[in-house]
Amino acid sequence: MALILEGQSELWENKLKLQRYSAIRQGVDMYCTLPNMDRSEIENYVRSHLDYADCTQKLFTSKAMDEEYRVSTGIPRMVNRVCEKALMYAFRQQKRLIDDTW
């Protein structure tokens, strides 16, 4: 039987180092971590997600990508969060502008 265990690095660093999980830890044949992305990889990553969503507009400027890199430090999970928050903020601002014109 093969088992693939996926999780954040904290799973290995904090949980699986406990004595009660030694049997699981001993059975691990491979351990892989994703390295942090650089600035260009973040831009490609975001673009690929927008392409998958059939978005043809350029939603993030070059300065926005610079800020994305600075804030997320290249961690994919954080890239997703920052993009989500930016899109939600932009949507709220747009909605507020529309509501103000009524």
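**Entry 1: the core**

I began with the largest nonpolar core of this predicted model. I listed its 9 residues: Met-37, Ile-42, Val-46, Leu-50, Cys-55, Phe-60, Met-65, Val-79 and Cys-83. Next I looked up which helices feed this core. Helix H3 (39-52) and H5 each supply at least two of the residues. H3 has the largest share, with 3 residues.

**Entry 2: Val-79, a core member in H5**

I picked Val-79 from the core list and found it in helix H5. Is Val-79 buried or exposed? Its relative accessible area is 0%, so Val-79 is buried.

Then I looked up what Val-79 touches, skipping its neighbours within four places in sequence. The contacts are Met-37, Ile-42, Tyr-45, Val-46, Glu-68, Ser-72 and Gly-74. I recognised Met-37, Ile-42 and Val-46 from the core list.

I also checked a pair that is not on the contact list. Val-79 and Thr-33 are 46 residues apart in sequence, and their C-alpha atoms are 16 Å apart in space.

**Entry 3: the two core cysteines**

Cys-55 and Cys-83 both belong to the core, and I wanted to know about their sulfurs. How many disulfides does the structure hold? I found 0.

Why does Cys-55 have no disulfide partner? The closest cysteine sulfur, in Cys-83, is 11 Å from the sulfur of Cys-55, and that is too far for a bond. The cut-off I needed here is that the two sulfur atoms must be within 2.5 Å. I read the pair from the other end too: for Cys-83 the closest cysteine sulfur is in Cys-55, at 11 Å, again too far for a bond.

I noted how covered the two residues are. Cys-55 has 18% relative accessibility, so Cys-55 counts as buried. The cut-off for buried is under 20%. Cys-83 has 10% relative accessibility and is also counted as buried.

With neighbours within four places in sequence left aside, Cys-55 is in contact with Arg-47 and Leu-50. Leu-50 is another member of the core.

**Entry 4: the loop between H3 and H4**

I moved on to the loop between H3 and helix H4 (62-72), where Asp-54 lies. The phi angle of Asp-54 caught my eye: Asp-54 is not a glycine, yet its phi is positive, at about 60 degrees. I made a note of this because most residues other than glycine have a negative phi. Asp-54 has 67% relative accessibility and therefore counts as exposed.

Gln-57 is in the loop between H3 and H4 as well. Its relative accessibility is 53%, so Gln-57 counts as exposed. I looked up how far Gln-57 is from Ile-4: they are 53 residues apart in sequence, and 38 Å separates their C-alpha atoms in space.

**Entry 5: the loop between H4 and H5**

Thr-73 lies in the loop between H4 and H5. Here I found another positive phi in a residue other than glycine, near 55 degrees. At 43% relative accessibility, Thr-73 counts as partly exposed.

Gly-74 has its place in the loop between H4 and H5 too. Is Gly-74 buried or exposed? Its relative accessibility is 0%, so Gly-74 counts as buried. Beyond neighbours within four places in sequence, Gly-74 is in contact with Asn-36, Met-37, Ile-42, Tyr-69 and Val-79. Met-37, Ile-42 and Val-79 are also on the core list.

I then followed Gly-74 to Asp-38. They are 36 residues apart along the chain, with 5.9 Å between their C-alpha atoms. Asp-38 sits in the loop between helix H2 (22-26) and H3. With 35% relative accessibility, Asp-38 counts as partly exposed. I checked Asp-38 against Tyr-69 as well: 31 residues apart in sequence, they are 7.4 Å apart from C-alpha to C-alpha.

**Entry 6: the largest pocket**

Last, I looked for empty space. The largest pocket has a volume of about 1,100 Å³. Which residues lie nearest its centre? They are Leu-5, Glu-6, Gly-7, Tyr-31 and Cys-32, out of 26 residues in the lining.

Two elements give two or more residues to this lining: helix H1 (9-15) and helix H5 (76-101). H1 gives the most, with 4 residues. I sorted the lining by type and wrote down 16 nonpolar, 6 polar and 4 charged residues.

Methods
Residues are numbered from 1 along each chain as its sequence is written. This is a predicted model: local features need pLDDT of at least 70, side-chain atom pairs count only at pLDDT 80 or more; totals for chains, interfaces and linings use all residues. Side-chain values use heavy atoms; hydrogens and water are left out. On a 1 Å grid over the protein atoms alone, a cavity is a set of points where a 1.4 Å probe fits but cannot get out, and a pocket is an open set with protein on both sides within 12 Å along at least five of seven lines; lining residues have an atom within 4 Å of a point. Grid points are joined across faces, edges and corners, and a volume is the space filled by probe spheres set on the points. Ala, Val, Leu, Ile, Met, Phe, Trp, Tyr, Cys and Pro count as nonpolar, Asp, Glu, Lys and Arg as charged, and the others, Gly among them, as polar. Buried means under 20% relative accessible area, exposed over 50%, partly exposed in between (1.4 Å probe, protein chains only). A nonpolar core is a set of buried Ala, Val, Leu, Ile, Met, Phe, Trp, Tyr and Cys residues joined through side-chain atoms within 4.5 Å. Contact means heavy atoms within 4.5 Å.
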